[in-house]
Amino acid sequence: MFTVGLTGGIGSGKSTIAGIFAGLGAEIIDADLVAREVVEPPSTALDAIRARYGEEILTAEGKLDRPRMRKLVFADEAERAWLEDLLHPLIDARMKQKITACQSAYCMLVSPLLLETSQRRLVDRVLVVDVSRQAQLQRSLLRDQSERATIEAIIDAQASREERLRAADDVIDNEGPQSALAARAKDLHTAYLAIAKAHE
């Protein structure tokens with residue numbers, strides 16, 4: 001299955017772009033949703049997280065308190081490494097299953113950490129959503145309930161804008177008008193359909 005990896009930093013608009021491609025007929029696999037799936041109770045991953053951090057890492061419903069977890073791991077590199085070592089193999093395995101089951105002409109894997117992890121090996125082509133750091137910060141602060149320091153730590157932990165652009169096969173500038181965004185996505189979709197056909 002020909003697979004496009006859609007990536008970009010926090011607040012870059014990956015979900016918006018993915019929504020456009022979904023509307024054009026591409027099946028979307030969202031790494032963030034998969035990451036939530038692997039820690040849904042009951043799960044061995046959630047058990048391991050609770051054993052390490054205690055009951056306070058859970059919500060009243062017994063689910064992972066994601067804002068608390070995010071703040072904790074982005075304040076401590078060793079804890080972030082521990083969590084990634086636990087979750088990334090589980091996330092990769094689940095995404096491989098989803099790619100195999102994909103029914104559309106091509107599959108789109110949306111991941112903020114595509115270039116920073118082994119997920120890069122799951123895709124045939126990299127599409128980067130590009131925005132400035134300032135835009136990332138402003139959008140993330142508006143959208144999330146996280147503190148500015150946490151958002152900045154996440155931006156710093158991700159690949160830099162320059163690294164993403166170097167790795168990109170294709171780029172969408174998400175600081176322009178919505179009409180230009182849709183037109184660019186449509187052109188890329190047409191190209192991906194042709195590549196997928198040749199890829200069969």
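This is a short dialogue on reading the sheet and the salt bridges of a predicted model.

Reader: Where do I start with the sheet? In what order do its strands lie?

Author: Strand numbers follow the chain from the N terminus. Order in the sheet is another matter. Here the sheet is open, has 5 strands, and runs 2-3-1-4-5 with parallel pairing.

Reader: Which strands are the edge strands?

Author: Look for strands that pair on one side only. Here they are strand 2, residues 27-30, and strand 5, residues 170-173. Neighbouring strands are also turned against each other, by 25° on average, direction ignored.

Reader: How many bridges join strand 2 and strand 3?

Author: There are 4, in the parallel sense. Strand 3 covers residues 107-110. Find D30 in your view: V110 of strand 3 stands opposite.

Reader: Which strands does helix 1 touch?

Author: Helix 1, residues 14-24, packs on the sheet and touches strands 1, 2, 3, 4 and 5. Its direction makes about 150° with that of strand 1. Helix 9, residues 178-199, packs on the sheet too. Helix 9 touches strands 1, 3, 4 and 5, and its direction makes about 165° with that of strand 5.

Reader: Now the charges. How many salt bridges does the structure hold?

Author: It holds 13. For a salt bridge, look for a Lys or Arg side-chain nitrogen within 4 Å of an Asp or Glu carboxyl oxygen. K63 and E40 qualify, with their closest N and O atoms 3.5 Å apart.

Reader: What does the pair K63 and E40 tie together?

Author: Check where each residue sits. K63 lies in the loop between helix 3 and helix 4, and E40 in the loop between helix 2 and helix 3. The pair therefore ties together parts 23 residues apart in sequence. K63 is partly exposed at 39% relative accessible area, and E40 is partly exposed at 35%.

Reader: What separates R50 and D47 in helix 3?

Author: About one helical turn, because they are 3 residues apart in that helix. Their closest N and O atoms are 2.8 Å apart. R50 is partly exposed at 29% relative accessibility, and so is D47 at 39%.

Reader: Is R80 buried or exposed?

Author: Buried means under 20% relative accessible area. R80 has 18%, so R80 is buried. Its salt-bridge partner is E84, with the closest N and O atoms 3.5 Å apart. E84 is partly exposed at 27%. The two are 4 residues apart in helix 5, about one helical turn.

Reader: Which residues are linked in a network of salt bridges?

Author: E37, R94 and K98 are linked in this way.

Methods
Residues numbered from 1 in each chain as written. Predicted model: local features only at pLDDT ≥ 70, side-chain atom pairs only at ≥ 80, totals over all residues. Heavy atoms only, no water. Pairing = 2+ DSSP bridges. Axes fitted to C-alpha atoms, helices over the stretch in contact; angles between N-to-C directions. Contact = heavy atoms within 4.5 Å. Buried < 20%, exposed > 50% of the residue type's maximum accessible area, 1.4 Å probe, protein only.
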